[in-house]
Amino acid sequence: MRHFETTAAHGAETARYEGAVSTPIFQTSTYAGSERFSYSRCDNPTRYELEQTAASLEQGSRGFAFSSGLAAISAVFSLLKRGDRVLVSDDLYGGTYRLIEQIWSGFGISFAFCDLRDLERVEAELRTPTRMIFAETPTNPMMKVLPLRALSALAKAHGALFAVDNTFLTPYYQRPLTLGADIVVHSGTKFLSGHHDVCCGLAVVGEDPELADRLALIQRTLGNALSPFDSWLTLRGIQTLPLRMEKHSANALAAANYLSAHPRVAQVNYPGLPSHPQYGLLREQASGAGGVLSFLLADDRVQSVLHGGKLIRFAESLGGTTSLITYPQTQTHASVPAALREKIGITPRLLRLSVGLEHPDDLLEDLETMLK
Ligand SMILES: *Cc1c(COP(=O)(O)O)cnc(C)c1O
């Protein structure tokens, strides 16, 4: 098998078109006389190259590209039917929470939220028939690490599908399908594309051909697949994913160490720090800690931190070349009810930092200015 870096740089190489070394952007809606392609809602050569590249990187069988991460997650929930129950990690991306509460719950599907680190609690929840476990690890924004092998064993024992949002670590650091998951989803908007210039989602399935066929049907029927140009941008981003992830992680560790020692910081949540409660678990199931961390300010002077940086800008999203600081309470997690936010730890003093590819000295200098 090829190494990860090689597949990232070359892609899946599903076809060669006139010797083009970069996969062309097939900006066409329809095809006349092709044996393989008929209509771009259903299938498109540029998108197919991205989908198979994602499948190779995740060590899955088939990939599907969507117009955003939430579109990919919605496609995965489309595998369910009325009456099904899903067990979901209680700490997860706020948009996924909104998708569940505002859309999918209305279709007669029930969602139970639980701390998926607590395996006894998970077992108790699974006594009620459950069709799917949906997990995000590390969680957004608390950076809890969930035990993927144990959760997949429990899912299997209870006949539930196990889907994992792998946005934060990417397949470069973590491959949930090799740890027993059935489906992996991504917001490709983040590290996979990596340059703050595209919204994209991906879903990859393991070795289950029926599941893959069903997702293919969902994709071509819901009509939320990724455009050719955005597929190309994401493919382009993936070529440098290994290099970027190494640098994101090294910079994030430097930032985490700096913040840990700062008098205005009460707590740093980064699974690459030996003080993180699941540091050992992370090392068992992933080969790196990634570029995102969250931290708790020791005082209420939040706004000057959010807006005080020259490099680190106040904006939603993560995983791009430049560092961003986010306020989960009013941005990414605004749709999570206050009581649940409080329970999880999303308090008014919690900030999330996506660490970019700047020189670490410049980053730490900017953090120093922000925390003056
Ligand atoms: C951003 C994000 C999503 C949603 O992806 P979009 O591309 O914004 O739709 C889902 N999961 C996680 C972990 C995210 O960070």
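**Helices and sheets: worked exercises**

Helix H10 passes helix H14 in a right-handed crossing (the near helix is turned clockwise from the far one by less than a right angle; anticlockwise would be left-handed). Helices (H or I, at least four residues) and strands (E, at least two) are DSSP runs, numbered from the N terminus. The model is predicted, so local features need pLDDT of at least 70, side-chain atom pairs count only at pLDDT 80 or more, and totals for chains, interfaces and linings use all residues. Residues are numbered from 1 along each chain as its sequence is written, and side-chain values use heavy atoms, leaving out hydrogens and water.

**Exercise 1.** Describe how H10 and H14 pack, and sort the residues of their contact by class.

*Step 1.* Find the two helices: H10 covers residues 241-260 and H14 covers residues 360-370.

*Step 2.* Give the geometry. Their axes lie 10 Å apart and make an angle of about 35° (axes are lines fitted to C-alpha atoms, for helices over the stretch in contact, and angles run from 0 to 180 degrees between N-to-C directions).

*Step 3.* List the contact (heavy atoms within 4.5 Å). H10 brings Lys247, Asn251, Ala254, Ala255, Tyr258 and Leu259, while H14 brings Pro360, Leu363, Leu364, Leu367 and Glu368.

*Step 4.* Sort these residues: eight are nonpolar, one is polar and two are charged. Here Ala, Val, Leu, Ile, Met, Phe, Trp, Tyr, Cys and Pro count as nonpolar, Asp, Glu, Lys and Arg as charged, and the others, Gly among them, as polar.

**Exercise 2.** Work out which strands stand at the edges of the five-stranded sheet, and where H10 packs on this sheet.

*Step 1.* Read the order of this open sheet: S8-S9-S12-S11-S10, with mixed pairing (two strands pair if DSSP finds at least two bridges between them).

*Step 2.* Look at the ends. S8 (265-269) and S10 (313-314) each have a single partner strand, so one side of each is left without a neighbour in the sheet.

*Step 3.* Zoom in on one pair. S10 and S11 (residues 324-326) run parallel and are joined by two bridges. Try finding Phe314 in your viewer: its bridge partner in S11 is Ile325.

*Step 4.* Now bring back H10, which packs on the sheet and touches S8, S9 (292-297) and S12 (350-354). The direction of H10 makes about 10° with that of S9.

**Exercise 3.** Do the same for the sheet of seven strands, and place helices H2 and H4 against its strands.

*Step 1.* Write down the order: S1-S7-S6-S5-S4-S2-S3, in an open sheet with mixed pairing.

*Step 2.* Find the edges. These are S1 (62-66) and S3 (110-114); each has a single partner strand, so one side of each is left without a neighbour in the sheet.

*Step 3.* Note the twist, which averages 20° from one strand to the next.

*Step 4.* Pick a pair inside the order. S4 (residues 132-136) and S5 (residues 161-165) pair in the parallel sense over five bridges. Ala135 stands opposite Val164 in S5.

*Step 5.* Add the helices. H2 (residues 45-57) lies across S1 and S7 (201-205), and runs at about 125° to S1. H4 (residues 94-103) lies across S2 (85-89), S3 and S4, and runs at about 145° to S3.
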